[in-house]
Amino acid sequence: MVEEIGSTADGNIILNVGPQHPATHGVLHLVITINGETIQKVEPHLGYIHRSIEKMCESLTYRQFIYVTSRMDYLSSHINNHACALCVEKGLQIEVPLRAQVIRVLMDELTRIASHELWWGAMAMDLGAFTPFFHAFREREAINDIMEETCGARLTMNYMVPGGVMQDIHPNFQKRVKEFIALFKSKVSEYNELVTGNIIFQNRMKGVGNLSAADAISFGCTGPTARGSGVSCDIRKLYPYEIYDTINFEEILETEGDSFARYMVRVREMSQSISIIEQLIDNIPEGDFQAKTKAVLKLPKGEFYQRVETARGDFGVYIVSEGGTTPYRIKFRSPGFSNLSALDHMARGSKLGDLVAMMGTLDLVIPDIDR
Amino acid sequence: MWSFSKISKLIDSWLSVNFSSTWTMVIEMVIAGIAVITLFALLGLVLVLMERRVAAWIQIRLGPNRVGPGGMLQSLADTLKLLVKEGMTPDGADKFLFNLAPFIAMIVAMLLMAPIAFASDFQLWDLNIGVLYVTAISSLMVISILMAGWASNNKYSLMGAMRSGAQIVSYELSAGLSIMSIVVLSGSLNLNEIIQSQADGWWLFKGHIPVVIAFIIFIIAVTAETNRAPFDLAEAESELTAGFHTEYSGMKFALFFLAEYINVFIVCAIGATLFLGGWMPFHIGHWQAFNHVMDFIPSSIWFFGKTFFLIFLIMWFRWTFPRLRIDQLLDLEWKYLLPISMFNILLITLMAILGWHF
């Protein structure tokens, strides 16, 4: 029987998890070697959703290529667009009006909450609890409705353009955001009762998937994954862009480095994002929502790099320009790719059920890894 | 008060007048068989719908509400869909065992229906070792799961089956010890006599804290034994896609599905019989006036009310808790539940000998 179902010479079983598997949240393919229930090796295979986005960008103008980046990390599409817009603005040295900057930051933080909400639901679902998924979507819907009103779309917003935002915010925007804040605050205790405080949940999360600070740095982990190991890496703090240096917020750090620490970082980050939104929502300055830019953008010859903090970590855009209307070469640095590389190190020696929990805490979005 | 025994006696006398005694026996057997199969199918449909409704209620959504009045016919439509689907047998599977496994699951579930007393005179088989019979037959369930997992020739199925084997064998012990505690108190293995022993109050209330502990352990153990969340490691869809029934489709899958729900019903019925008095109305000691009022509620309503309350409890668990890991699952049984129930049964024995219960 063992020969029939595929195994290694020393009797370990090789198991294909994915590309179609309920736990991989997309088309990730993991080839894992297991001895009984214990994991010996995890080998991620990529490429099932590779769309050559970087190559496609080379034939698109500086206004057009931003839209393609919404399709990479579709859960923080605003923040991807933001990074690209910032990089183009850096090249052209465009001064973005303050109103546009505030709107951009507000949208970024709303996106971050929406992304963490979805992660929270999916995380609980990976551990076998279905109900939190629906509860998370209740709040996420409220954010999507706000986005729909202002940007016209719910998932791939394409709201950021070089020089500012595409159009002014909807008149209802401030009212709706305040309603959302009230809703979120009334529900956040529910999250802790239902999931965080659950003894089964804590037993499943604490002490598994350990990632030391040194390992987190050497694997290039960023975002909540690295901050769960105590590595300070919030781009909003280290290399502030837009108005982040004027806002009062805290970089969430947990030092345990296990799955529960990564979980707590994300849960606490949601509250920080709420606090950022609260500071800004009543103080949106009057003015233009977009700087005056030329119809055709031409970046000067040179190389430009801009990094931002997405919901998953450090997202970088690297543009090489030859002076034309399209980039010569574009490279995206996606957080998910580096975070995934730490999975094998974390999972070795743990049980199969924990692998799913660890993948959940890495918050992987496969189109972001593959591009 | 009308009674089921009147109806059955009527049929019996009519048959014995018109047929010879052998044929009377055969016809009565056929009628009983049809009754069980009908009840089986009806319970399956009702429980699936109930599960979906409870899940929807907990998850702030509506649930099935399109087919029939208020979605009542949804599970009927689903059954029809599964009936016309192709029942595939994968290449490389052990065809005989693969196709046999779902039938064993269903046969086991059907056999378990026999000794349960649904109402005061409504029992298929008044067995003198009813409790022993239920415990023995319910252990056979694991054979069908192991068979399905092994014969599928799929690694996920095999892992699910192995998990399930370890799990059911372990939790049988605690469930058995909890059941034994009631046997000790009532002094009988006959389900009817156990119910009669609760005429002046249910064991859950008569037996002080040790019986409450036994009841809690029983509920945990049977949740694990029927492979329901948070102990659904055998199917664990986020880890093993669908566990032991990954390769099953169409009606073969439906039989597993049906057997799972019937098993839930049966363990809850056993729990209701042992701890909550089965069809026995809620009585308080010798307070005749109160007991008399309670007797006006038909016994079948008492039985199904208690059973469905326990089923609701188990469904509530499923939609609230995350799943345990395999080593934590076995730790819970061998390190906590089993020692506690062993100590508990000693305590209950002492209590029964000294007559400390009400």
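A residue is taken as buried if 20 or more other C-beta atoms lie within 10 Å of its own, and as partly exposed if the number falls between that cut-off and the 12 or fewer of an exposed residue. The views below are of a predicted model.

**View 1. D363(A), a buried loop residue with a positive phi.** D363(A) lies in the loop of chain A that runs between α14 and α15, the latter formed by residues 366-370. Because 27 other C-beta atoms are found within 10 Å, D363(A) is counted as buried. Its backbone has a phi near 55°, a positive value in a residue that is not glycine. Most residues other than glycine have a negative phi.

**View 2. N158(A), a partly exposed loop residue with a positive phi.** N158(A) is placed in the loop of chain A between α5 and β4, where β4 covers residues 160-161. The phi of N158(A) is near 50°, again positive in a residue other than glycine. Since N158(A) has 17 C-beta neighbours inside 10 Å, the residue counts as partly exposed, whereas D363(A) is buried.

**View 3. The hairpin of β2(A) and β3(A).** Strand β2 of chain A, residues 29-35, and strand β3 of chain A, residues 38-45, pair in the antiparallel sense over seven bridges. Within this pairing, T33(A) of the hairpin stands opposite K41(A) in β3(A). Two residues separate the strands, and G36(A), which belongs to the turn, has a positive phi of about 70°. In a regular strand the side chains alternate between the two faces of the sheet.

**View 4. The side of chain A that touches chain B.** Here 29 residues of chain A are in contact with 25 residues of chain B. The elements of chain A that each give two or more residues to this side are β1 (13-17), α4 (98-126), α5 (131-151), α7 (199-205) and α14 (352-362). By residue class, this side of chain A is made up of 15 nonpolar, seven polar and seven charged residues.

**View 5. Chain B and its overall fold.** The secondary structure of chain B consists of 15 helices and two strands, and its C-alpha atoms fill a box of roughly 65 × 60 × 45 Å along the principal axes. The radius of gyration of chain B is 21 Å, which agrees with a compact globule, because a globule of 358 residues would have a value near 21 Å. Of these 358 residues, 43% count as buried. Among the contacts in chain B between residues at least 6 apart in sequence, 78% join residues at least 24 apart.

Conventions: Residues are numbered from 1 along each chain as its sequence is written. Chains are lettered from A and ligands numbered from 1 in the order in which they are written. This is a predicted model: local features need pLDDT of at least 70, side-chain atom pairs count only at pLDDT 80 or more; totals for chains, interfaces and linings use all residues. Helices (H or I, at least four residues) and strands (E, at least two) are DSSP runs, numbered from the N terminus. The radius of gyration is taken over C-alpha atoms; the globule rule is 2.2 Å times the number of residues to the power 0.38. Two residues are in contact if their C-beta atoms, placed from the backbone, lie within 7 Å. Ala, Val, Leu, Ile, Met, Phe, Trp, Tyr, Cys and Pro count as nonpolar, Asp, Glu, Lys and Arg as charged, and the others, Gly among them, as polar. Two strands pair if DSSP finds at least two bridges between them.
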